[in-house]
Amino acid sequence: MTPILTSPRTKRAANVLGIAVLIALVAPFAVYAAPEVVGADESFVVLTPSMTPDIAPGDVVVVAERDPRTVAENDVITFVRGSSDVPVTHRVIGVVSTADGVAFETKGDANEGPDPGLVPGANLVGVVVLTIPYIGYVIQFAGTRAGFVALVVFPFGLLVASELWSIVR
């Protein structure tokens, strides 16, 4: 009689489970790296708690471009302020028509009051279509020297060692 851990059915189930876990672990990072796979255009790591509890620091927001005229109250948008390269993600609390087109009054959910000044439609990056919790921490860690070693060099070294061990055996 075949032991239960080495039966073909058990091995197949373990392989399927392993593949499912691998896909579940890799898919969020694939969406961050290529937001086009979910019909979006860009993705950003959230750095501040201004949108908690819905969007927290370390979350990733996936943003789709949208015509500013189609943005409505309660949409969560990502935009740039002035000459800053750092995008901001806040909720639209008002849409205003100006001489230059549409503009937005915005507010972080956790903030006491609205953001100072209106956001011109030209500064809109897009509307948040998906939030992926926590993976921003891993993405930021991967950008450090220690993160590169831990997430790239060390696993690659283990793979090389495993291959060398199988050749030697």
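Guide: Let's start with a term: a salt bridge is a side-chain nitrogen of Lys or Arg within 4 Å of a carboxyl oxygen of Asp or Glu. By way of background, this is a predicted model, where local features need pLDDT of at least 70 and side-chain atom pairs count only at pLDDT 80 or more, while totals for chains, interfaces and linings use all residues. Residues are numbered from 1 along each chain as its sequence is written, and side-chain values use heavy atoms, with hydrogens and water left out.

Visitor: Thanks! How many salt bridges does the structure hold?

Guide: There are five. Asp54, Arg91 and Asp109 are linked in a network of them. Asp109 and Arg91 form one, with their closest N and O atoms 2.8 Å apart. That pair links distant parts of the chain, since Asp109 sits in the loop between β5 and β6 and Arg91 in strand β4, 18 residues apart. Arg91 also meets Asp54 in a salt bridge, at 3.4 Å from N to O. Here the partners are 37 residues apart, with Asp54 in the loop between β1 and β2 (60–64).

Visitor: What do the element names mean, and how do I read burial for these residues?

Guide: Helices (H or I, at least four residues) and strands (E, at least two) are DSSP runs, numbered from the N terminus. For burial, buried means under 20% relative accessible area, exposed over 50%, and partly exposed in between (1.4 Å probe, protein chains only). In the network, Arg91 is buried at 18%, Asp109 is partly exposed at 27%, and Asp54 is exposed at 51%.

Visitor: Which residue forms a salt bridge with Asp115?

Guide: Arg81, with the closest N and O atoms 3.3 Å apart. Asp115 is in the loop between β5 (101–107) and β6, and Arg81 is in the loop between β3 and β4, so the pair ties together parts that are 34 residues apart in sequence. Asp115 is buried at 11% relative accessibility, whereas Arg81 is partly exposed at 30%.

Visitor: On to the strands. In what order do they form the sheet?

Guide: First the general idea: in a regular strand the side chains alternate between the two faces of the sheet. Two strands pair if DSSP finds at least two bridges between them. In this model, seven strands form an open sheet in the order β1-β2-β7-β3-β4-β5-β6, with antiparallel pairing. Its edge strands are β1 (42–45) and β6 (119–120), each of which pairs on one side only.

Visitor: How many bridges join β3 to β4?

Guide: Four bridges join β3 (residues 76–79) to β4 (residues 88–98). Across that pairing, Ile77 stands opposite His90, and Val76 stands opposite Arg91, the residue we met in the salt-bridge network. Next along, β4 and β5 pair in the antiparallel sense over seven bridges. They form a hairpin with two residues between them, and Gly94 stands opposite Glu105 in β5.

Visitor: Now the helices. Which residues of α2 are buried?

Guide: A helpful rule first: an α-helix has 3.6 residues a turn, so residues three or four places apart point the same way. In α2, the buried residues are Ile135, Gly136 and Ile139. Seen down the helix axis, they fall within an arc of 100 degrees (taken from the directions from the helix axis to the C-beta atoms), so they line one face of the helix.

Visitor: What does that buried face pack against?

Guide: The buried residues of α2 pack against α1 (8–33), β1, β2 and β7 (124–132). Take Ile139, buried at 18%. Ile139 is in contact (heavy atoms within 4.5 Å) with Phe29, Tyr32, Val45 and Val60, not counting residues up to four places away in sequence.

Visitor: And what makes a nonpolar surface patch?

Guide: Patches are made of residues with over 30% relative accessible area and no salt bridge; like charges are joined within 9 Å, and nonpolar side chains (Val, Leu, Ile, Met, Phe, Trp, Tyr) within 5 Å. The areas come from the Shrake-Rupley method with a 1.4 Å probe, and for residues only the protein chains shown count as cover. Here a nonpolar patch of about 830 Å² is made by Tyr134, Tyr137, Val138, Phe141, Phe148, Val149, Leu151, Val152 and Val153. Both α2 (135–142) and α3 (145–168) supply at least two of its residues, and the largest share, five residues, comes from α3. Phe141 lies in α2 and is partly exposed at 37%.
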